[in-house]
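Reader: I am new to this structure. Please show it to me, then explain the terms as we go.

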Amino acid sequence: MRNLTAVAPVLWGTTYLVTTELLPAGRPLLAGTLRALPAGLLLVAAARARPRGAWWWRAAVLGTLNIGLFFALLFVAAYRLPGGVAAVLGALGPFVVAGLAFGILGQRPTARVLAAGAAGLAGVALLVLRSSVALDPIGLLAAFGGMVSMSFGTVLGRRWGRPDAGLLALTGWQLTIGGLLLLPVALCAEGLPGHLTPANVAGFGYLSVIGTAGAYFLWFRGVTTLAPARVSLLSLLSPVVAAVLGWVVLGQSLSGGQLAGAAVILAAVLVGATTFTVRGPGRSGPRGAAPDQAGCVAKPTLLKAVVAP
């Protein structure tokens, strides 16, 4: 099961290569739409369940943050940045999640996690400021904005817990809602391409069926069976795969400063992901408490709010 779960971030790491090499140029919104909507409909049909009560508007909020806005910004970044750069910037997400969780959920990270976040920011500075590759500012802002949007969706998802319909159904509805939000914007802003080549069709099909529906299915199977902190570490495979593919397939070169920055970021994520601890005011969580999805140890009251069914 662990090996199957690891396939998900490996597949996500191929997004940048597929986008730049197989998809129509200059259509990030269309790319996001055709990745999300078919995959969402496929998962909804497989789950055969609908949200109930408050989960309708919650699914809409999560679909906007995790899919509609995130996918649009993700593909803008993919068109404008080397894959490794965009993916490694996204690896800062756990630290943004930690900050948002403190404000929204009352979870407080340890000093070690904060230090790891500072090291990650230093790594980003190395990655961007000492680059021998032209880094587009719009692409950088899109990558950062997409990471923040996904982080908000992650924290709200933890706050609201798991719906009765199950994670597969929630994922399918998020993808469907996000795809429907992207569709009119993509049609108005970009329109439909005059024609699609076989390579375009193959790229869209791969991203939707394998890179989205298949990857999310494997990922959430792992989330429900493996230790959450262990699962979160597997996401580090995504920027590694993207960077390796950019180097091997596209011949993208990175300076020594960029390589050092990437190494610092990945080390910071590794350290932070394995040391999250939650404390209430003036006291720590109970000994032996189970970690939540961020690898945090929560007080019983917080744990109930985060993972209550």
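**Arg35 and its surroundings**

Author: Leaving out residues up to four places away in sequence, Arg35 touches Trp12, Thr15, Phe71, Leu74, Phe75, Leu207, Ser208, Gly211 and Thr212. Contact means heavy atoms within 4.5 Å. This is a predicted model: local features need pLDDT of at least 70, side-chain atom pairs count only at pLDDT 80 or more, and totals for chains, interfaces and linings use all residues. Residues are numbered from 1 along each chain as its sequence is written, and side-chain values use heavy atoms, with hydrogens and water left out.

Reader: What makes the link between Gly211 and the side chain of Arg35 a polar contact?

Author: A polar contact is a pair of N or O atoms within 3.5 Å; within protein, one must be able to donate a hydrogen and the other to accept it, and residues adjacent in sequence count only if both atoms are side-chain atoms. The backbone oxygen of Gly211 lies 3.3 Å from a polar atom of the Arg35 side chain.

Reader: Which side chain of opposite charge is nearest to Arg35?

Author: Glu190, 15 Å away. A salt bridge needs a side-chain nitrogen of Lys or Arg within 4 Å of a carboxyl oxygen of Asp or Glu. Arg35 is buried and has no salt bridge.

Reader: Why is Leu105 called buried?

Author: Its relative accessibility is 8%. Buried means under 20% relative accessible area, exposed over 50%, partly exposed in between (1.4 Å probe, protein chains only). So Leu105 counts as buried.

Reader: Why is Val244 called partly exposed?

Author: Its relative accessible area is 41%, so Val244 falls between those two limits.

How values were computed. Lys, Arg positive; Asp, Glu negative; His and termini not counted.
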